[in-house]
Amino acid sequence: MVLLEIENVHTYYGHIHALKGVSLDVERGEIVTLIGANGAGKSTMLKTTSGLLKPRLGSIRLEGEELTRYRPHEIVAKGVVQVPEGRRIFGRLTVRENLEMGAFAITDRHQIESNLERVFNLFPRLRERQKQLGGTLSGGEQQMLATGRALMANPSVLLMDEPSMGLAPVLVDIIFATIRQLHADGTTILLVEQNARMALQVASRGYVLQSGSIVLRDKAESLRQNEMVRKAYLGET
Amino acid sequence: MKQAIKIGWIGGVVAVLLSLIGMVEAFSQRDIIAHVISMGHTLLLIVAFLMSYLSAKRTTAEKSLTLLTHGVCTGFWVAGLLVLLVVIGSLVNLRKVFINASPLLYNLLTFGQEKGIGLLMLLVLGSWIGLLGGLFYLSPMILRRILLISLGSIIGAGVLQDLLRPTIALWGPLAIINEWLYTANGLTLQGALGLFILITTCLMFWHKKGKNLQSGFRQLPPAPQRILKGFGFLILVFILFILPQVLGLFLSEVFTIVGLYVLLGLGLNIVVGYAGLLDLGYVAFFAIGSYTVAVLTSPELGFFNLSFWQALPFAVLFGIISGVLLGIPVLKMRGDYLAIATLGFGEIIRILVLSDFLRPWLGGAQGIGKIPKARIFGFEFSGPEQIYYLILAGCLLVAFVSLRLRDSRLGRAWMAMREDEDVAQAMGINLVATKLLAFATGAGFSAISGAIFATKLSSVYPHSFNVMISINILCVIIVGGMGSIPGVIVGAAALVGLPELLREFAEYRLFVYGAVLVAMMLLKPEGLWPEAVHRREFHEDEEKEPDQPEGN
């Protein structure tokens with residue numbers, strides 16, 4: 001069943017035509033990845049979905065409901081939550097305060113408590129460090145915190161923007177392990193990645209974005225075998 | 001040793017500078033302790049003492065003897081530069097450039113003695129002070145604190161003698177203190193000694209028993225604890241309530257001015273401290289509050305002739321509306337651009353009020369006069385002693401609202417927005433509403449302050465609302481500590497209250513103001529009474545090692 005449906009989206013930065021009619025869909029419980037080079041429009045796609053950018057044309061639907069007419073905070077309340085690129089945690093707030101801020105859209109205290117418990121179980125590291133300042137965490141821990149913060153809002157679709165960016169390989173493995181864990185818990189994820197190899201390992205399906213257009217769409221398995229993907233994104237010859 | 005001489009150089013240059021700009025000479029008109037030490041000498045003494053303390057602190061030497069030598073060396077060097085000044089001054093006529101390099105100054109620096117002996121005395125004294133600075137560093141923390149506070153109070157009592165004397169004279173039978181404490185110029189010697197002993201004993205006693213008292217208080221069951229706390233609060237309210245009766249006209253006036261700035265500061269604190277929106281046109285809302293009350297109440301214009309209390313809600317309402325109106329066009333702006341746009345807004349309001357076009361309604365450059373005083377049950381808030389209560393009530397109300405807002409959902413949204421706007425939005429925070437609410441709340445508080453300002457002065461002029469007010473309020477909250485409510489009060493007292501108290505030294509006000517700001521930014525960038533989140537940022541290292549001894 002299709003949960004998030006993006007159809008023929010055109011987004012502009014001033015005169016620059018950044019997304020030229022992108023269509024993709026994400027089914028419930030699925031990990032879908034969007035891969036592409038720098039400047040292909042991956043982050044633009046996520047920002048358009050979460051309402052930070054308005055598409056000039058096209059439609060984005062969550063369970064059939066049109067999202068493009070809502071403002072960003074309303075889209076969060078609908079359940080489309082983004083883990084921003086570069087983590088962007090609140091460095092001067094403690095880990096716990098960061099997480100509580102993530103639950104801003106939720107008003108039910110018990111719900112917030114149980115979400116907090118869930119995040120701490122998923123990332124025991126964060127429980128240990130809950131009183132520490134966000135800014136003093138290591139890069140990997142910050143990524144955990146950013147992910148946990150997004151989970152606090154009860155997302156029905158999690159938009160992850162480059163979670164592996166700037167992390168040491170061993171930490172990248174840990175982050176992808178948690179993505180698998182989230183998947184096992186039934187979270188639906190739209191994953192934007194430059195690290196195509198890792199992304200195609202966790203995702204069930206993938207889209208390849210090039211200069212604002214989808215050039216390939218297939219099962220992750222098949223994309224890994226694809227000649228062009230192997231050359232351009234997996235660095236194989 | 002190199003380091004000690006370097007610090008000596010800095011101190012010496014500061015001392016020479018203070019002498020050349022005439023501060024030492026001007027201050028020496030007044031004695032701190034009659035016939036013992038003047039303010040001018042105290043100033044130089046403080047410089048030398050502080051520098052030798054610093055040099056003892058900075059040195060890497062382990063032995064206390066070398067440490068003391070460093071102190072002495074610095075003190076000597078500071079005095080040496082002053083000696084150099086006197087020597088050069090007697091060879092060359094410095095007055096062509098520095099008009100304050102007068103014979104009187106040289107006379108002061110040589111203690112009225114003959115040149116040779118005087119200069120020698122200066123050098124010896126400098127070294128002694130250096131030694132004392134070193135010893136001060138070596139003495140235990142608690143002794144340092146006690147000495148600092150008691151010596152500070154003596155200097156304070158001496159500097160503020162012209163204010164304290166008439167105030168004490170108001171206290172009926174207690175006025176006799178004056179005779180014991182003060183002469184016509186400066187403290188009496190026995191008064192200074194008595195004060196020193198009194199304060200030192202009190203502090204010693206507190207040091208010995210204070211901890212016991214505190215832990216004893218904590219061990220009490222909650223019910224008596226609450227009663228005691230309530231009692232303490234009642235005492236505080238009582239003190240605040242009788243303050244104008246005790247302090248007299250001038251000090252009450254100072255308190256009303258500080259209170260107005262506290263009100264303004266608390267409002268701007270919401271916009272800048274809580275929400276992180278740098279607003280430089282804040283004076284506009286102050287003006288709008290003032291002018292609303294003026295137009296609605298003044299019989300000079302005769303449009304409405306409302307009373308103050310009837311006009312006040314309109315003032316707040318217009319303040320809030322204009323806050324939203326300013327907020328809408330600048331919604332997308334951040335940081336520097338926001339600052340410039342709001343700066344413009346502040347000027348627009350002032351220029352509009354000045355304009356000929358609006359003159360029939362707003363009075364143009366002549367302003368609006370005859371604004372009636374506020375009255376309640378036949379009690380008129382006429383002079384500073386009465387307006388004080390109006391402002392006190394306003395401050396308490398606004399402080400309470402600020403406190404509640406900070407811990408509310410809205411307060412958390414402001415905090416998130418201050419830390420990172422984009423992420424705040426991604427957390428589901430409605431940026432537009434949150435920003436506008438910050439502007440509106442701040443503007444509303446400012447309008448209350450403006451309304452009180454109008455009835456306090458009975459008249460409003462466009463010139464009262466220039467950009468310097470905005471800058472001053474911003475300085476108040478920066479110095480006090482961004483986002484902190486007690487910080488605003490401390491900041492207003494320090495930046496607005498102190499200059500009012502030191503009015504007689506008006507010539508050097510801006511100089512001292514600037515020096516204090518620079519020193520603050522270097523030594524305590526998070527403010528005098530910072531909010532928790534900001535304190536964390538500047539003292540991350542200390543948080544990890546909470547046992548680290550404090551520097552001073």
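The following exchange concerns a predicted model, its contact between chain A and chain B, and a surface patch on chain B.

Reader: Why is B:Phe314 called partly exposed?

Author: The relative accessible area of B:Phe314 is 39%. Buried means under 20% and exposed means over 50%, with partly exposed in between. B:Phe314, at 39%, is therefore partly exposed. Its place is in helix 13 of chain B, residues 308–327.

Reader: What makes B:Phe314 eligible for a nonpolar surface patch?

Author: A patch residue needs over 30% relative accessible area and no salt bridge, and Phe counts among the nonpolar side chains. The 39% of B:Phe314 passes that area cut-off. The patch covers about 560 Å² and also takes in B:Leu317, B:Phe318, B:Ile321, B:Leu325 and B:Ile328.

Reader: How do you know that B:Asp422 and A:Arg88 meet in a salt bridge?

Author: Their side chains come to 2.8 Å, N to O. The cut-off is 4 Å between a side-chain nitrogen of Lys or Arg and a carboxyl oxygen of Asp or Glu. The pair is an Arg and an Asp at 2.8 Å, so the term applies. The count of salt bridges between chain A and chain B is three.

Reader: Which helix of chain A gives the largest share of the side that touches chain B?

Author: Helix 3 of chain A does, with four residues. Helix 2 (72–78) and helix 3 (95–102) each supply at least two residues of that side.

Reader: How many residues does the contact take from each chain?

Author: It takes 23 from chain A and 22 from chain B. The two chains bury about 2300 Å² between them, 60% of it on carbon and sulfur atoms.

Key. Residues are numbered from 1 along each chain as its sequence is written. Chains are lettered from A and ligands numbered from 1 in the order in which they are written. This is a predicted model: local features need pLDDT of at least 70, side-chain atom pairs count only at pLDDT 80 or more; totals for chains, interfaces and linings use all residues. Side-chain values use heavy atoms; hydrogens and water are left out. Patches are made of residues with over 30% relative accessible area and no salt bridge: like charges are joined within 9 Å, nonpolar side chains (Val, Leu, Ile, Met, Phe, Trp, Tyr) within 5 Å. Accessible areas come from the Shrake-Rupley method with a 1.4 Å probe; for residues, only the protein chains shown count as cover. Buried means under 20% relative accessible area, exposed over 50%, partly exposed in between (1.4 Å probe, protein chains only). Contact means heavy atoms within 4.5 Å. Buried area is the accessible area (1.4 Å probe) that two parts lose on being put together, summed over both.
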